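Here are a few exercises to work through with the model open beside you. Try each task before you read its solution.

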Amino acid sequence: MTNLTFLPYVGPTFHTSPVRLLLLGESHYLGNGDLFPKNPLEATRTVVEKWKRREWAIRYLTIGARVITGQQAWEIDRTTVFDAIAFANMVQTIMPTLRHRPTVEQARASWPAFREVLDRWDPTHVVATGRRFLWDNMPASDRRTAEVAFGGALLPMREFRTPSGYASTVVIPHLSRASAPRWQGPIREFLAS
């Protein structure tokens with residue numbers, strides 16, 4: 001049995017990559033006129049695949065790709081940029097509109113799903129994207145909590161147990177509002193640590 005309502009997107013080379021990055025978002029949202037997915041388990045994967053095929057323009061994923069690669073949006077090869085990356089949302093409840101916000105209860109009820117993602121996909125690094133709601137409502141660190149300097153930025157960091165050790169986890173602003181150039185250096189340095 002699974003705790004996951006939404007399976008993560010997992011790139012084809014994620015498991016063989018020396019750095020297995022989990023990009024962690026907050027939650028899924030329905031836009032105007034969107035219907036609830038027929039297969040919610042595949043919702044995250046569908047979102048990423050439609051973005052990769054340029055069927056959907058999703059600022060969050062574009063900024064995420066820019067932060068991770070250090071490239072401009074037009075330089076990014078969408079078909080391969082997330083090959084070595086996993087992407088999941090913390091909250092396992094879909095929000096009915098873009099204006100709805102998840103609750104603390106929904107986030108905390110999703111902790112077992114987050115732990116399952118860590119256990120099943122074994123990331124080495126996690127970038128949580130949401131300083132307020134997401135970071136404040138994630139589980140407590142399993143080993144170390146600190147503020148660490150990466151690329152001139154002081155980032156809060158936690159470590160979560162995984163099958164191969166611990167996933168170092170930092171937080172940056174939500175990618176729908178983040179400046180890619182501001183976070184490219186710190187995240188590149190974090191991923192090299």
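**Exercise 1.** How many bridges join strand 4 to strand 7, and do they run parallel or antiparallel?

*Solution.* A word on the ground rules: this is a predicted model, where local features need pLDDT of at least 70 and side-chain atom pairs count only at pLDDT 80 or more, while totals for chains, interfaces and linings use all residues. Residues are numbered from 1 along each chain as its sequence is written, and side-chain values use heavy atoms, with hydrogens and water left out.

Step 1: find the strands, which are DSSP runs of E with at least two residues, numbered from the N terminus, just as helices are runs of H or I with at least four. Strand 7 covers residues 165-172.
Step 2: count the bridges; two strands pair if DSSP finds at least two between them. Strand 4 and strand 7 share five and run parallel.
Step 3: check one partner: Thr-129 bridges to Ile-172 in strand 7.

**Exercise 2.** Which strand pairs with strand 4 over four bridges?

*Solution.* Look at strand 2 (residues 21-25), which pairs with strand 4 in the parallel sense. Here Leu-24 has Ala-128 as its bridge partner.

**Exercise 3.** Are the faces of strand 4 covered or open?

*Solution.* Step 1: take buried as under 20% relative accessible area, exposed as over 50%, and partly exposed as in between (1.4 Å probe, protein chains only).
Step 2: split the strand by face, because side chains in a regular strand alternate between the two faces of the sheet. One side has His-125, Val-127 and Thr-129, the other Val-126 and Ala-128, and all are buried.
Step 3: put it together: five of the five residues (125-129) are buried, so strand 4 is largely enclosed by the rest of the structure.

**Exercise 4.** Trace the antiparallel pairings of strand 6.

*Solution.* Step 1: strand 5 pairs with strand 6 over six bridges, with Ala-146 partnered by Met-157. Two residues sit between the strands of this hairpin, and Gly-151 takes a positive phi near 55°.
Step 2: strand 6 also pairs with strand 7 over six bridges, Glu-159 matching Ser-168. Again a hairpin makes the link, through two residues.
Step 3: check cover: seven of the 10 residues in strand 6 are buried.

**Exercise 5.** Which residues does Val-67 contact, leaving aside neighbours within four places in sequence?

*Solution.* Using contact as heavy atoms within 4.5 Å, you should get Ile-172, Leu-175, Ala-180, Trp-183, Gln-184 and Ile-187.
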